[in-house]
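Please look through the sequence and the model below before reading on. The paragraphs that follow begin with one residue and its surroundings and then widen to the rest of the chain.

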Amino acid sequence: MPKVVLITGCSSGIGLRIAVMLAKDEKKRYHVIATMRDLKRKDKLVEAAGDAYGNTLTLQTLDVCSDESVKHCISSVKDRHIDVLINNAGIGLVGPLESISIDEMKNVFETNFFGVVRMIKEVMPDMKRRRGGHIIIVSSTGLVRTLWGHGLPAAGVVFNDVYAASKFAMEGFCESLAVQLLKFNVTVSMIEPGPVHTEFEAKMVEDVSRKEFPGTDPETVQYFKNVYLPSSVDIFETLGQTPDDIARCTKKVIEASRPRFRNLTNPLYTPIVALKYADETGGLSVRTFYHVLFNLGALMHVAMKALRCVTCGCLRGRTVSPD
Ligand SMILES: NC(=O)c1ccc[n+]([C@@H]2O[C@H](COP(=O)([O-])OP(=O)(O)OC[C@H]3O[C@@H](n4cnc5c(N)ncnc54)[C@H](OP(=O)(O)O)[C@@H]3O)[C@@H](O)[C@H]2O)c1
């Protein structure tokens, strides 16, 4: 029997590629329920799925922010039987804190944190009863996020304060829940990408270009626009992975005999994660990232250019972990 895999946020990016990769599995080991909040956005997925659409891949509407939508979607699954739940839907938020309203912040938590909690609460009781299941969460890597906003599960991200907090909250929630669920043979795994080239990045740039950052002092706006944003672009260009890289990593995690809890998708970030854990006071990573961003910006730009040269594609192919 194929495993039933339900994925949130499949209209674009990582969710779309995971759905297609699993649905096209050569051994046909998966039946994918690809969900999205608006089925009008299904065309890219349907096209990419090709013959798998209607066979190993079916579509469902699901908005992770709505109790009703989540309940309706899970109840429509045959016997409510889901072997693998992939919580992928998420939104970003970047900018000076002063310019972000509390409602915008709540919206990020509603999607990135409560959206996942809502899904898990609905699916978990059946998994516990069956004594089996795998819950996967697309979180965010430790390292690069530390600096520029794309990564760390347990490190801050300059100008990504609220987005980072929503992912941190998820990490704490999952670390706690994983222990209880192990008793019921239900596994929890975090997928932790750094920057990935998806609409996420485009939405962030578009969002920022529209904003005027009301209530923020000119000095902070200038750091955000002239220091943070160019560095963020550099990091994306140099270290960015493709959604297929993340899909391959996720497939490996699903197929592992003992799936790991944390799965960094890009080993190039490992030194930054190590920096954080090398000093339990937190001072080392805060000061290092401060110096890199504010004092060594130009050097960083050159280093990123050099790294792009060294890693030109051939090394990228080997960066998907776990191996
Ligand atoms: N791209 C990166 O650099 C990066 C790095 C680390 C982690 N991540 C994480 O990866 C995940 C996927 O992001 P992505 O890069 O693939 O970005 P993306 O292309 O923007 O995809 C995000 C998906 O989430 C969906 N979504 C948003 N709110 C939703 C809701 N309330 N209910 C259901 N679906 C909803 C979007 O649907 P609509 O089309 O309806 O908006 C879209 O399908 C996110 O959790 C993100 O935090 C991304």
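In this predicted model, a useful place to begin is L85, which, once its neighbours within four places in sequence are left aside, is in contact with L6, M119, V123, I135 and I136. L85 is also one of the residues that touch the most other members of the largest nonpolar core, a set of 52 residues in which I7, A19, A23 and V32 share that distinction. Helix α1, which spans residues 13-23, gives the most to this core, contributing seven residues. A second core, separate from that one, holds twelve residues, among them V94, V162, F168 and Y228.

The strand that carries L85 deserves a closer look. In β4, V84 and I86 point one way while L85 and N87 point the other way, and all of them are buried. On one side, β4 is joined by three bridges to strand β1 (residues 3-7), and these two strands run parallel; within this pairing, V84 in β4 is the bridge partner of V5. Strand β4 (residues 84-87) also pairs with strand β5 (residues 133-138), again in the parallel sense, and here there are four bridges. In that pairing L85 stands opposite I135 of β5, and the bridge partner of I86 in β5 is I136.

Strand β5 is mostly covered, since six of its six residues count as buried, a label that requires 20 or more other C-beta atoms within 10 Å of a residue's own. The side chains alternate in direction along the strand: G133, I135 and I137 point one way from β5, H134, I136 and V138 point the other way, and all are buried. Beyond β5 comes β6, and six bridges join these two strands, which run parallel. I136 takes part here as well, with S189 as its bridge partner in β6.

These pairings belong to an open sheet of seven strands, paired in parallel and arranged in the order β3-β2-β1-β4-β5-β6-β7. The edges are formed by β3 (57-61) and β7 (262-264), and because each of them has a single partner strand, one side of each is left without a neighbour in the sheet. From one strand to the next, the twist averages 20 degrees. Helix α10 (residues 243-255) packs on this sheet, where it touches β4, β5, β6 (186-192) and β7, and its direction makes about 160 degrees with that of β6.

Taken as a whole, the chain has 13 helices and seven strands. Of its 323 residues, 41% are buried. Among the contacts in the chain with a separation of 6 or more, 77% are between residues 24 or more positions apart.

The model also includes a ligand, which is surrounded by 32 residues, the closest being G9, G13, A89, G90 and F200. The elements that give two or more residues to this shell are α1 and α8 (199-210), and the largest share, four residues, comes from α8. Helix α1 therefore has two roles in this description, as it gives the most to the largest core and is also among the elements that give two or more residues to the shell. By residue class, the shell divides into twelve nonpolar, 13 polar and seven charged residues.A few individual residues complete the picture. L229 lies in helix α9 (residues 218-239), and because 18 other C-beta atoms lie within 10 Å, L229 counts as partly exposed. L229 and V94 are 135 residues apart in sequence, yet their C-alpha atoms are 10.0 Å apart in space; V94 itself is included in the second core.

Two other residues stand out by their backbone angles. K28, in the loop between α1 and β2 (30-36), has a positive phi of about 50 degrees although K28 is not a glycine, and with 12 other C-beta atoms within 10 Å this residue is exposed. N185, found in the loop between α7 (161-182) and β6, likewise has a positive phi, of about 60 degrees, without being a glycine. Here the count is 13 C-beta neighbours inside 10 Å, so N185 is classed as partly exposed.

Conventions: Residues numbered from 1 in each chain as written. Predicted model: local features only at pLDDT ≥ 70, side-chain atom pairs only at ≥ 80, totals over all residues. Pairing = 2+ DSSP bridges. Axes fitted to C-alpha atoms, helices over the stretch in contact; angles between N-to-C directions. Contact = placed C-beta atoms within 7 Å. Core = buried A, V, L, I, M, F, W, Y, C linked by C-beta atoms within 7 Å. Near = placed C-beta within 6 Å. Nonpolar A, V, L, I, M, F, W, Y, C, P; charged D, E, K, R; others polar.
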